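Load the model and set it to cartoon. Keep the sequence panel open beside it. The stops below go from the overall fold down to a single side chain.

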Amino acid sequence: SFLHNWIFYGIVCDPCGEMMIEMNEQYLSYRDKHYWTHGYASLAPAPHDHSTPNFLLKFQRAILVCGKSVNLLRVCCPNSVLLEHDVSPPPLSLCW
C-alpha cells in the first residue's frame, strides 16, 4: 500500500495522485536544504476529497516527515543498518 511503502521505504508510488504526499523530482537531486524543504510535500486535501481518510489528516505531518527521513538517511548514509531489507517491517493496515 502507499502508506506502507512511504513510511518504511520512503517510496512514493501514487500513479493516480490520490494520496497526500507529492514528490518534486527537480529538488531530489539537490544536496542542500531544498532537498528537505521541497523534495516532498504534503498536499492539502481538496474539498470533498475522500481519498485521504479524515482520521489520517491529523497525522499528515508525521507521515510526511517519516518518509522524508528514510529518504534523507538513504542519501546521507546509504549503508545504514536501518535501510537493510533483511528485516521485514511490521504489518500496516488501515480500515475506514
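The tour starts with the whole chain, moves to one helix, then to a helix pair and one residue.

**Stop 1: the whole chain**

This is a predicted model. Color by secondary structure. The protein has 5 helices and 2 strands. Trace the chain from its start, and the order reads α-β-α-α-β-α-α.

Now switch on the surface. The accessible area is about 6,600 Å². Carbon and sulfur atoms account for 60% of that area. Of the 96 residues, 28% are buried. What share of the contacts between residues at least 6 apart in sequence joins residues at least 24 apart? The share is 55%.

**Stop 2: helix α5**

Select residues 60-76, which form α5. The helix has 17 residues. From first C-alpha to last, α5 reaches 24 Å, close to the 24 Å expected at 1.5 Å a residue.

Next, show the side chains of Q60, I63, L64, G67, K68, V70 and N71, with G67 as its C-alpha; these residues of α5 are buried. Turn the view to look down the helix axis. The buried residues of α5 fall within an arc of 150 degrees, so they line one face of the helix. A general point helps here: an α-helix has 3.6 residues a turn, so residues three or four places apart point the same way.

Which exposed residues sit on the face turned away from the buried side of α5? Select R61 and C76.

**Stop 3: what α5 packs against**

Keep the buried residues of α5 on display and add their partners. Among the helices, these are α1 (2-9), α3 (33-38) and α4 (54-57). Both β1 (21-23) and β2 (40-42) also pack against the buried residues of α5.

**Stop 4: the α1 and α5 pair**

Hide the rest and keep α1 and α5. Their axes come within 6 Å and cross at roughly 50 degrees. That crossing makes α1 oblique to α5. On the α1 side, select L3, W6, I7, F8 and Y9, which make the contact. On the α5 side, select I63, L64, C66, G67, K68, V70, N71 and R74.

**Stop 5: Y9**

Finish by centering on Y9, which lies in helix α1. Leaving aside residues up to four places away in sequence, Y9 touches H4, V70, N71, R74, H85 and P89.

Draw a distance from the C-alpha of Y9 to that of H85. The separation is 9.3 Å, although the two residues are 76 residues apart along the chain.

Definitions and conventions:
Residues numbered from 1 in each chain as written. Predicted model: local features only at pLDDT ≥ 70, side-chain atom pairs only at ≥ 80, totals over all residues. Heavy atoms only, no water. Helix = DSSP H or I, 4+ residues; strand = E, 2+ residues; numbered from the N terminus. Buried < 20%, exposed > 50% of the residue type's maximum accessible area, 1.4 Å probe, protein only. Contact = heavy atoms within 4.5 Å. Areas by Shrake-Rupley, 256 points an atom, 1.4 Å probe, with all protein chains shown as cover. Expected span 1.5 Å × (residues − 1). Arc of directions from axis to C-beta. Axes fitted to C-alpha atoms, helices over the stretch in contact; angles between N-to-C directions. Parallel < 35°, antiparallel > 145°, perpendicular 65-115°, else oblique.
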